[in-house]
Amino acid sequence: MTNAEATADFESKKAEPKSVSLTWDLDSLFPGGAGGASFSAFRRELKSMIEQADTQLNKLPKTLNGDSAATWEEFVLLVQGIAARLEQGGAFAGCLISASVSDALAGQAHGEINDLRGLFLKSMTGFEALTADASDAEWNSFVERPALKPVAFPLNEMRKEAQIKMSPELEALTEELAVNGYHAWDHLYTKMAGELTVQWEENGETSEISLGQLATKFNNADREIRAKAFAKLTEAWKSRESLAAMALNNQAGFRLTLYERRGWKSPTDEPLRMNRMTRATVDAMWSAVNECKPKLAQYLDAKKKLLGIDGFRWYDESAPIGSSSAEFSWDEAWDFVIKNVGDFSPDMKTFCEMARDKRWVEGEDRPDKAGGGFCTSFPLNKESRIFMTFGNTYGDLSTLAHELGHAYHSHVLKDRDFFATQYPMNLAETASTFNELLIIDAALKQSSDKQEKLMLLDQKMQSALTFFCNIQTRFIFDETFYAARAKGALTSQELGELMTNAQRKAYGDLLADDGLHPLFWAAKLHFFFTDVPFYNFPYTFGFLFATGVYAHAQKQGSSFAQSYSAMLADTGSMMAEEVAQKHLGVDLTKVDFWRSAVNGALEGLDEFVELAKG
Ligand SMILES: [Zn+2]
């Protein structure tokens, strides 16, 4: 080796970037973990702030007017600070637990923060009742005060909600009774589902497996295995259907009685308000979805051909198509994501580089870690952390992009006041899905392998099938079930009929007659959630809103990047319809936007059909 070569070699080594850390940095948030002095002091301070809020509330003048407005404002700013700290503390304990499930101190801290949240919510209920009684004129000038104006939207929302509830005493009693009389049905169901097992025979061996383990069999390429898994699932739920029916009937009965007492007309009113959207929007969305079902049939016909089957059954939905041998190192995954989000938005590129360099992401594959992936934010530090386990596949790369989307969403909100950073569930997946779309399109462009293309396109179409048909089934079921339940409890037989009717409506002839899933109402835990009513349809909204924004971005090119981040920044302080009108110039209550969103979601369908022919 000549000197020059040696120098060149040395230079190239020097220029080679350090590899990206696989573990995250939590110490810069609170050094020393759950037992560290810093996090302990933080919890003590939080507790004393909550006590202070309770004292302040007791002394707060009951009537809002020119004299009391300043004291009221002080109270609002105090509780906003507490809410931000509760999020910060919960996020930190949550990160510690996920990174090491055996961290008992973190578990304890998490419980402590939950208890503090309970205490805090009690104080808030008292304040909400006071706002309900304030005169409109006084209230309107109150939320115009400079310190409150940025959070006027969530404050108005809180007051309106308090105004349509029963008296504070009755609401407090209801909340207390709900612990054992409402949420308990959900807990009972969850426990029952968790304890259900089936006997599974494979390769000559029989073992007892949980329903969670059984669910993975639906991704199996062998149809016999999927069919057997479905038979086992049906058999398991058949043995518990009367108990599941009891849980579902009773919790729905509780909710309907409460709505009646509050004078709330429709069971969809509450979920619509929670998602800051109107019924007209939901209807427009579903009609665009319904229009595309013949197009979806072309996808399923092609998929049936590839799978070598005649009728498409429920258990064929996740059947894998194509394959990819592509592997990505952690560094390559980061480079791929940064390059492709960067092509759309330089700001997103800078942000992702910062998240990488500051070690905001945990990706190591090691024991004692929790499963799954998430992104959580630390409002006091204006930072986020992402948790996942990286396994070198395309799916993992997509997860990284997805979670970085969430982190970017928090990033553009970081300078807003805390109450204005709380976006609803239906807008929560905008930035994450947007990133996934950027990444899958880039992967498709780059790929020359037919099997890999088929796999990627099938993933895209499978999402559409899930959001358009599977989730729509749940919405139709929820609506028809609540209408029927208002007249009386339903038998498991009747619930099964409602479910198959919902499936026929949502899927049309996409599913074979013998391919329905009558016990889906019992097998899907989402129907039993008591914290969030009608849990499912906001997901279709979120998915289509993101594909619609993505279609818009493709038309506008990178000039849209700035409007995109401005749009995300407004997600915590207006109605979904207003966000879309202001930043995209579209009316969500009309079908046009949803049509373009549906078309965006189905982009690649024709190519899939073509590839399936060859
Ligand atoms: Zn997400």
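Helix 11 (241–262), helix 14 (293–307), helix 20 (450–485) and helix 22 (520–523) are among the elements that cover the buried residues of helix 21. That is a good place to start exploring this predicted model. From there, we can step back to the whole protein and then visit two single residues.

**Helix 21 and its surroundings**

- Helix 21 runs over residues 492–507, which makes 16 residues.
- From its first C-alpha to its last, helix 21 reaches 22 Å, close to the 22 Å expected at 1.5 Å a residue.
- Which residues of helix 21 are buried? They are Ser492, Leu495, Gly496, Leu498, Met499, Thr500, Ala502, Gln503, Ala506 and Tyr507.
- Just after helix 21 comes Gly508, and the phi of Gly508 is positive, near 55 degrees.

**The protein as a whole**

- If you count the elements, you will find 27 helices and 5 strands in the protein.
- How does the radius of gyration fit the chain length? A compact globule of 614 residues would have a radius of gyration near 25 Å, and the protein has 26 Å, which agrees.
- Taken along the principal axes, a box of roughly 80 × 75 × 50 Å is filled by the C-alpha atoms.
- Of the 614 residues, 52% count as buried.
- Take the contacts between residues at least 6 apart in sequence: 76% of them join residues at least 24 apart.

**Surface and charges**

- The protein exposes about 27,600 Å², and carbon and sulfur atoms supply 52% of that area.
- There are 63 positive and 86 negative charges in the protein, and the mean positions of these two groups are 2 Å apart.

**Asp343, a residue in helix 15**

- You can find Asp343 in helix 15, which covers residues 330–344.
- Is Asp343 buried or exposed? Asp343 counts as exposed because its relative accessibility is 51%, and the cut-off for exposed is over 50%.
- Try locating Ser558 as well: Asp343 and Ser558 are 215 residues apart in sequence, yet their C-alpha atoms are 7.7 Å apart in space.

**Ser123, a residue in helix 4**

- Ser123 has its place in helix 4, made of residues 104–133.
- With a relative accessibility of 5%, Ser123 counts as buried, since buried means under 20%.
- What does Ser123 touch, leaving out residues up to four places away in sequence? Its contacts are Asp54 and Leu57.

Conventions: Residues numbered from 1 in each chain as written. Predicted model: local features only at pLDDT ≥ 70, side-chain atom pairs only at ≥ 80, totals over all residues. Heavy atoms only, no water. Helix = DSSP H or I, 4+ residues; strand = E, 2+ residues; numbered from the N terminus. Rg over C-alpha atoms; globule rule 2.2 N^0.38 Å. Buried < 20%, exposed > 50% of the residue type's maximum accessible area, 1.4 Å probe, protein only. Contact = heavy atoms within 4.5 Å. Areas by Shrake-Rupley, 256 points an atom, 1.4 Å probe, with all protein chains shown as cover. Lys, Arg positive; Asp, Glu negative; His and termini not counted. Charge placed at Lys NZ, Arg CZ, Asp CG, Glu CD. Expected span 1.5 Å × (residues − 1).
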